[in-house]
Amino acid sequence: MRHSQRNTLKQPNHLELPSYDEIGLVLQGGGALGSYQAGVYEGLAEAGVEPSWISGISIGALNTAIIAGNAPEDRVEALRGFWNTICQPADLLGHVGALVPAAFGFPDVGRKWSSMWAAARALTEGQKGFFEPRFSVPIAGVAKKQPNEVSFYDTTALRATLVKYANFDRINDGDVRVSVGAVNVRTGNLVYFDNTQTRLEPEHFMASGALPPGFPAVEIDGEYYWDGGLVSNTPLTEIVKECQHKDTLVFQVDLWSAGGTLPGDFLDIAERTKDIQYSSRTRAITAFVSQSQKHARLIKELLEHIPEKVRRTHPLVQQAQQVADGGAVNVVHLIYKNKFFEGHYKDYEFSNDTMGEHWASGLEDIRRSFGNPNWFDVPSHDLGFVTHDVHRHEAGPAPVSDTSEVVPKSLELVDAMANAPSDAH
């Protein structure tokens, strides 16, 4: 299979990846920031790295459809077509507002203006090929409608755009596994639509990005679904939980950065709130996976103190052995960093200029990551879980947790079990 083959990096440094059992691509939600993910994918493509499993939420789900729905050699061009469709060039007022301050020596002011104006246009005009304002918004308390009729915008145009740039037969019948997350409106549960379990249609991807109250819920098989980011904006666990016994390399592409500056006004607070809200799950999931790997390593060391006969016959010990024999997970983290001109509206600022800057940032970050070839080595199974982030790397090494003291404290219990009478086992 493709993911078990060795991948040769063409640029930079001609890095050859080790043989991983699974290569995952995890794409977070974040609206207009999603072109950063497209830039990251371009870097993967030029390196010859082809994911075997792609999992996305919201705009990450839409990028997933475009990538999985095209042949490897066509994916970057399809992504460009998609993003050029849903983004728009500046109008006359946007151009004037940017050029006049620059002419008087204030280019930063002009850039901020053009970004703010593009976001305002998205709110009032919508985005071609994506969403448009509803002219009749339901009045609260007057008449009840179905969830797919209650929203500020209509996303009908998005379906045609997805069909244009993604081949859904290829998504379902190709060799890339696809998982996209959405929230069941009735139950509140996060579910993943997976092409190994169901045949995926445009509606599954639209449901993953149906963020209320802006976008309407999407009906699938009699149930209504909203944006998966309402529960978890980072679908890392969907890949990791099924790869417990595989050596897995994950490229996790996040659009919200947990770190940031202190807010100075209400608009800053609105932006900072979004950053924390949509990035915090990444930190929680990464910490959980790391802790799970530590527990598996602990179990493995403890099992060494149990007699061989017991390990071969005791069902609980055998189950513990399966947990201990987990694979190694290597997460290469790509995190979008805010631009000086952006504000709380950055996730719905769909201008061509900003899209291009996001894309270039993603391409630069993955190329810089590939500049550290040792990052892509398969982690030791004793270690089990490692993460790498080019921004964190440049800022200095992060502290490493030490679990060496945990093991000896548990040995007495295991030794007691090993020395117990055989009928107790």
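These are my notebook entries on a predicted model of one protein chain.

**Entry 1: the chain as a whole**

I started with the overall counts. The chain has 15 helices and 11 strands. Half of the residues is a fair way to put the burial, since 50% of the 425 residues count as buried. I then looked at contacts between residues at least 6 apart in sequence, and 75% of these join residues at least 24 apart.

**Entry 2: the annotated site**

Which residues carry the "active site" annotation? The UniProt record, an unreviewed entry, gives S58 and D227. The two are spread over 170 residues of sequence, yet they cluster in space, with a largest C-alpha distance of 5.9 Å. Both S58 and D227 are included in the lining of the second largest pocket.

I took S58 next. S58 sits in the loop that runs between strand 2 (53-57) and helix 2 (59-68). Is S58 buried or exposed? Its relative accessibility is 11%, so S58 counts as buried, the cut-off being under 20%. Setting aside neighbours within four places in sequence, I found S58 in contact with G29, S208, G209 and D227. The backbone of S58 also drew a note, as its phi is near 60°, a positive value in a residue other than glycine. Most residues other than glycine have a negative phi.

Then I turned to D227. D227 belongs to strand 8 (residues 223-227). With a relative accessible area of 4%, D227 is buried. Its contacts, leaving aside neighbours within four places in sequence, are I57, S58, V183, A207, S208, G209, A210 and L211. S208 and G209 therefore appear in the contacts of S58 and in those of D227.

**Entry 3: helix 1**

I checked the length of helix 1 (residues 35-46). At 1.5 Å a residue, its 12 residues should span 16 Å, and the end C-alpha atoms are 17 Å apart, which agrees.

How many of the residues of helix 1 are buried? The count is 11 of the 12, so helix 1 is largely enclosed by the rest of the structure. The buried ones are S35, Y36, Q37, A38, G39, V40, Y41, E42, G43, L44 and E46. I looked up what covers them and found, among others, strand 1 (22-27), helix 2, helix 3 (75-86), strand 9 (248-254), strand 10 (329-335) and helix 13 (352-370). After helix 1 comes G48, with a positive phi near 80°.

**Entry 4: W359 and helix 13**

Helix 13 is among the elements covering helix 1, and I picked out W359, which lies in helix 13. W359 counts as buried, because its relative accessibility is 5%. Not counting residues up to four places away in sequence, W359 touches S35, Y36, A38, G39, E42, V76, L79, R80 and W83. I also noted a pair that is far apart in sequence: W359 and L33 are separated by 326 residues, while their C-alpha atoms are 8.8 Å apart.

**Entry 5: helix 2 against helix 6**

I compared the axes of helix 2 and helix 6 (residues 156-165). The axes come within 8 Å and cross at roughly 30°. That makes helix 2 roughly parallel to helix 6, as angles under 35 degrees count as such. Where the helices meet, L62, A65 and I66 are the residues from helix 2, and L158, L162 and Y165 are those from helix 6.

**Entry 6: helix 5**

Helix 5 (residues 107-125) has 19 residues. Its first and last C-alpha atoms are 26 Å apart, close to the 27 Å expected at 1.5 Å a residue. I listed its buried residues as G110, R111, S114, S115, A118, A119, R121 and A122. Their cover includes helix 4 (92-103), strand 4 (153-154) and helix 13. G126 follows helix 5, and its phi is positive, near 80°.

**Entry 7: backbone oddities**

Most peptide bonds are trans. Which kind is the bond from P212 to P213? The bond is cis, with omega near -5°. P213 is in the loop between helix 8 (202-208) and strand 7 (218-220).

I also stopped at D221, in the loop between strand 7 and strand 8. Its phi is near 50°, positive in a residue other than glycine. At 77% relative accessibility, D221 counts as exposed.

Methods. Residues numbered from 1 in each chain as written. Predicted model: local features only at pLDDT ≥ 70, side-chain atom pairs only at ≥ 80, totals over all residues. Heavy atoms only, no water. UniProt positions renumbered as here; feature names shortened; annotations may be inferred. 1 Å grid on protein atoms, 1.4 Å probe; cavity = no way out; pocket = protein on both sides within 12 Å on 5 of 7 lines; lining within 4 Å. Helix = DSSP H or I, 4+ residues; strand = E, 2+ residues; numbered from the N terminus. Buried < 20%, exposed > 50% of the residue type's maximum accessible area, 1.4 Å probe, protein only. Contact = heavy atoms within 4.5 Å. Expected span 1.5 Å × (residues − 1). Axes fitted to C-alpha atoms, helices over the stretch in contact; angles between N-to-C directions. Parallel < 35°, antiparallel > 145°, perpendicular 65-115°, else oblique.
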